[in-house]
4 protein chains.
Amino acid sequence: MDKNKIKNIGVLTSGGDSPGMNAAIRSVVRTSLYYDIQVTGIMRGFEGLIGEEFIPMNRKSVANIIQRGGTILKTARSDAFYTKEGRQKAYDNLKKNGIDALVVIGGEGTFTGANIFGKEFDIPVIGMPGTIDNDLIGTDFTIGYDTAINTVIDAVDKIRDTAESHDRLFIVEVMGKDSGLIALRSGIGVGAEAILIPESRTDVDQLFKRLASGRKDKASKIIIVAEGDEIGGFEITELIKEKFPNYDTRLSILGHIQRGGRPSCMDRVLASRLGVAAVEALLNGQKNMMVGLVNHNIHYTPFYNAVKHLSEADPRLLKIVNILSL
Amino acid sequence: MDKNKIKNIGVLTSGGDSPGMNAAIRSVVRTSLYYDIQVTGIMRGFEGLIGEEFIPMNRKSVANIIQRGGTILKTARSDAFYTKEGRQKAYDNLKKNGIDALVVIGGEGTFTGANIFGKEFDIPVIGMPGTIDNDLIGTDFTIGYDTAINTVIDAVDKIRDTAESHDRLFIVEVMGKDSGLIALRSGIGVGAEAILIPESRTDVDQLFKRLASGRKDKASKIIIVAEGDEIGGFEITELIKEKFPNYDTRLSILGHIQRGGRPSCMDRVLASRLGVAAVEALLNGQKNMMVGLVNHNIHYTPFYNAVKHLSEADPRLLKIVNILSL
Amino acid sequence: MDKNKIKNIGVLTSGGDSPGMNAAIRSVVRTSLYYDIQVTGIMRGFEGLIGEEFIPMNRKSVANIIQRGGTILKTARSDAFYTKEGRQKAYDNLKKNGIDALVVIGGEGTFTGANIFGKEFDIPVIGMPGTIDNDLIGTDFTIGYDTAINTVIDAVDKIRDTAESHDRLFIVEVMGKDSGLIALRSGIGVGAEAILIPESRTDVDQLFKRLASGRKDKASKIIIVAEGDEIGGFEITELIKEKFPNYDTRLSILGHIQRGGRPSCMDRVLASRLGVAAVEALLNGQKNMMVGLVNHNIHYTPFYNAVKHLSEADPRLLKIVNILSL
Amino acid sequence: MDKNKIKNIGVLTSGGDSPGMNAAIRSVVRTSLYYDIQVTGIMRGFEGLIGEEFIPMNRKSVANIIQRGGTILKTARSDAFYTKEGRQKAYDNLKKNGIDALVVIGGEGTFTGANIFGKEFDIPVIGMPGTIDNDLIGTDFTIGYDTAINTVIDAVDKIRDTAESHDRLFIVEVMGKDSGLIALRSGIGVGAEAILIPESRTDVDQLFKRLASGRKDKASKIIIVAEGDEIGGFEITELIKEKFPNYDTRLSILGHIQRGGRPSCMDRVLASRLGVAAVEALLNGQKNMMVGLVNHNIHYTPFYNAVKHLSEADPRLLKIVNILSL
């Protein structure tokens, strides 16, 4: 490793926040210090890059944050970064402050921006997947996904208590505008009757048949719907109420609780590993790559590939749903 | 105590379920057994009373349930119980099965029904306050309230993580159609900027002034709104978005997670104490009373009084909100 | 209120930490600011008072801490404060920094020290009860107690899972060197078979009889022991193993997890109310008092009274244990 | 798949219980029913096999258990199964009850017994890895491990609150008699200063050096020790106290809470997938195999291989500890 070339690494979080981002920041900071490199925290994502909201980071800056949800560097969406002027300003600020490499923690939008920036300017950028959606190519899991699905099952376990008590049918809408991955895994985790996701067509007739037949030996039911599903939580609730007027059917939209909370152990370990890998990638001269974990090994994927969308859900999980929910 | 008169106590849960109902059932069953009285579980509230859904209960029936949300006896709303015929059927079933006293666990609707029933027929009925709303006269806390407010603060602590990261203003709507008690105490618990409840007029202008002035030193904010508030979560969100278009304002409706979950220690202890008191009240010849805890002592309130509505929020708590949220 | 006399309130936490201390600090700071009084944070309790570890506090200092366990002001035991010289140094530091009143958050030791200090020097001191033990006279609950008993029942609910699976008898030792209040309420909350506390003699023969008779219809059992019980967790485990060699008997000592964690809603509300009351008490010219909540109302108790020890457990709770555990 | 050969599958849990065993049982039962095969629950592991404690299982038997810790089939250690007579009795019971295949859920001891049994008698046996220790060859994770490490970090996050408040050094002993895998991953998850595991020699001098040097910029510290470490929690605490008498050093042994609790989402999904795979393996004529998940794919490992011990900790994780704890 030629550690001499890079002297100061900037780190930022961008896009929707996810639990484990703080553990990721901590890892980037401590790994940099381990390799005798300075670290600069950049507030509010690309917005703070343009606005020069920079803070020097040391061990103390990241003490006692590994367990906290959210991101101490805050995050924001930046329209300015989509302009050439904005990115030029960002680059000038980096040069001015002696920052010669960047770690960006975020999702699709973050990497799309980072990719343009990294190609326009002579600054190596490495990405870490920080999003609850788990919808990136090049990593088995994104930082925050495991916590989010645990938050969902905690909530649905509570809803199940009241569903059981009243013999109710609950439709629970979970996050995932373009991806059903939160719905799929949490749906298996709560033993859902059905899971509706954008990756597959929802056969309403089959769902109705299932609901009708299963009614006898299992009174309360949970249906998990991803917010990006073609029908959606609200609509499917209305359809079920119309078809089964004698069922006690309710809709619950879990909302923003899914983005917060203390990160799970797996998210903290993932964030810690990827932070080390991100800094070492920069030291090894890599750039425009997202660092991920594939089959428990560190894996690098070019930004433009990482953001390509998964169009299919994991058939191994879909099969399980089919067998176990019958 | 003349234990000889009562030989078999029926117990049921009715209305909306609340965490701690199982601890309450357990206490009624074990206390009855302690006094050598049989206990019969009645399924689905008054509906099961009319439908003769009776189960004999013993120590085993209530083993390992003290920690569970929901109610093993299930609950339902019963239209039939509002008819004279329904109540007559219910009474006949009790006589037929040798049940000579009743403990009903629920809220306002439950006690209103129990009051009519207890006056029409020669059967002593004692009520236990099981509702998350804490809106009954004659007890400082209802069984389930403490758990519900802890569920709310858990959820809002998660929302705060993402609010902080994005400098967002979150409006969080909590349960309480007629009562702001969940909103009030959980609002203090999360350090809310403002708390909107049905018991007091919402001064929108003052709220706007507060939001405008506080913006500088505290970027993220939480506003708690009871669902029964005259304006309501949705409307107030729209008003704020219109007035402060540059704020990042979001609405989150917590919904049914507030009814479920493992009961808190206080709810379990409360349910345990009130269960003992309910059975002992029957043994002492009382009837048509709700048993509650006032200033840590057992207190009996006639049903017709218990269901009278609190029209004012506790001024001692309102004062705190005013001082601490400034 | 004559607000003019007091210009700067010092606040410190002392003794063992308890969840809700941060909510208490926040309330003291925000209430002071509400009344246009400056606030100074004193680090590490009386030790920092002597060492002049002072920090000016503002709204930002207490932002986003209401939900955190521990204390941002840290805490320590101070031998120096037990000397006249130490206390003189402390007083000189207060004068030097213009601090003319003190709020101390802690337990028995804290108030004993505060009482001496408040009588020796011309400085009004008000105490807030911050301890998980709930062993102070003059308040129904101390800040941290409710969280601690919830932490205990969370842990025991987990232990019960494995106890049930193996039909094991678990002895669980909880905190409480001089007081059985954590044991008593959490023991009721988990449905313990027996609860051993320092306030009452442990009748081992009766316990053995109970364990022998109950074995048939309830295989797994939980016994809660306060660490200050005359026999203690280790000893009672040995005695049971000897008497019932065929039982699968295990000891679990919960330890320091009981001091930490996000405070419960009730602890946050209690801390918030008492913080307001503490500052207002100073403004009203009170001193050498602990502020507490008795029957939901603010109550002031002289320090020397607050620290007198409760020698008896609440008979209303003991009765419940006796009935429900049979 | 020739489903005709197998008509009735027996399922049991054995050895130490782990969270997710109920989700595993549920999956085995529902998958069997999906393939029109009967399922028989065998109570208390091999002990119930010998004692003929059999229960027919249907959809209702496994309703509402996916979220519960422990095992509804209970578990026990069986000395009798280590005798030829015991195993003969077990086989006779299976034949007598028409059970023609077996799914055993457990760890090392369970599979060792199953291996002998499966070779002695003409009955196909498939194993599912249910243990919190994660110490089996042939699966990346065992059912219960993810929950256990989350329980550990929850507990240590609480301990950290009090450690921070007092500037204390905490030694936390976690489960793992032969394996440091719980210690390793949870240690990374809490940002431990050092992690002591049986797989590697503990260099006490280096640990002392680290503790001495790091004292200045990070006052509170956490050291995680696996119970099987050559030095162990108690001993290392004594050594540190002796070397650093001015540190406030405490030991906390987490104990049996690590075995219980609601399973995490990942453990539920893992248990669900492996249950399907176990039943399908039997249908496909496999036997004497443990089913596991390797790189997210189903993987079969002969029992005798699965129980071979991992002698080394994952170097990828050890490296992270080294970098991040400095």
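In this predicted model, a good place to start is D:Tyr247, which is buried with a relative accessible area of 10%. Its ring partner is D:Phe244, and the two form a stacked aromatic pair with 4.6 Å from centre to centre and 15° between the planes. D:Phe244 is likewise a buried residue, at a relative accessible area of 8%.

This pair belongs to a wider set, for the count over all chains comes to 36 aromatic pairs. Another member of the set is formed by D:Phe81 and D:Phe117, whose rings are tilted, with 5.3 Å between the centres and 50° between the planes. D:Phe81 sits in the loop between β3 (54–57) and α3 (84–96) of chain D, while D:Phe117 belongs to helix α4 (residues 108–120) of that chain, so the pair ties together parts that are 36 residues apart in sequence. Both D:Phe81 and D:Phe117 are buried. Turning to chain A, one aromatic cluster is made up of A:Phe46, A:Phe81, A:Tyr91, A:Phe117 and A:Phe121.

Chain A also offers a sheet to follow. Four of its strands form an open sheet with parallel pairing, and they run in the order β7-β8-β6-β9. At the edges lie β7 (194–196) and β9 (249–253), each of which pairs on one side only. From one strand to the next, the twist averages 20°. Within this chain, strand β6 (residues 169–174) and strand β8 (residues 221–226) pair in the parallel sense over six bridges. For a reader tracing the structure by eye, A:Phe170 is a handy marker, as A:Phe170 stands opposite A:Ile222 in β8(A).

Helix α8 of chain A, which spans residues 233–243, has buried residues at A:Gly233, A:Ile236, A:Thr237 and A:Ile240. Viewed down the axis of α8(A), the buried residues fall within an arc of 105°, so they line one face of the helix. The spacing fits a general rule: an α-helix has 3.6 residues a turn, so residues three or four places apart point the same way. On the face of α8(A) turned away from the buried side, the exposed residues A:Phe234 and A:Glu242 are found.

The cysteines can be considered next. Over all chains, the count of disulfides comes to zero. A:Cys265 takes part in no disulfide, and the nearest cysteine sulfur, that of D:Cys265, is 16 Å away. With 0% relative accessibility, A:Cys265 counts as buried. In chain B, the sulfur of B:Cys265 lies 16 Å from the closest cysteine sulfur, which is in C:Cys265, and this is too far for a bond, given that a disulfide needs sulfur atoms within 2.5 Å. B:Cys265 also counts as buried, at 0% relative accessibility.

Finally, the UniProt record, an unreviewed entry, places the feature "binding site" at A:Gly16, A:Arg77, A:Ser78, A:Gly107, A:Glu108, A:Gly109 and A:Thr110. These positions are spread over 95 residues of sequence, yet they cluster in space, with a largest C-alpha distance of 13.9 Å. One of the annotated residues, A:Glu108, lies in helix α4 (residues 108–120) of chain A. A:Glu108 is partly exposed, with a relative accessible area of 31%.

Definitions and conventions: Residues numbered from 1 in each chain as written. Chains lettered and ligands numbered in written order. Predicted model: local features only at pLDDT ≥ 70, side-chain atom pairs only at ≥ 80, totals over all residues. Heavy atoms only, no water. Pairing = 2+ DSSP bridges. Helix = DSSP H or I, 4+ residues; strand = E, 2+ residues; numbered from the N terminus. Axes fitted to C-alpha atoms, helices over the stretch in contact; angles between N-to-C directions. Buried < 20%, exposed > 50% of the residue type's maximum accessible area, 1.4 Å probe, protein only. Arc of directions from axis to C-beta. Phe/Tyr/Trp six-rings, centres within 6.5 Å; stacked < 30°, edge-to-face > 60°. UniProt positions renumbered as here; feature names shortened; annotations may be inferred.
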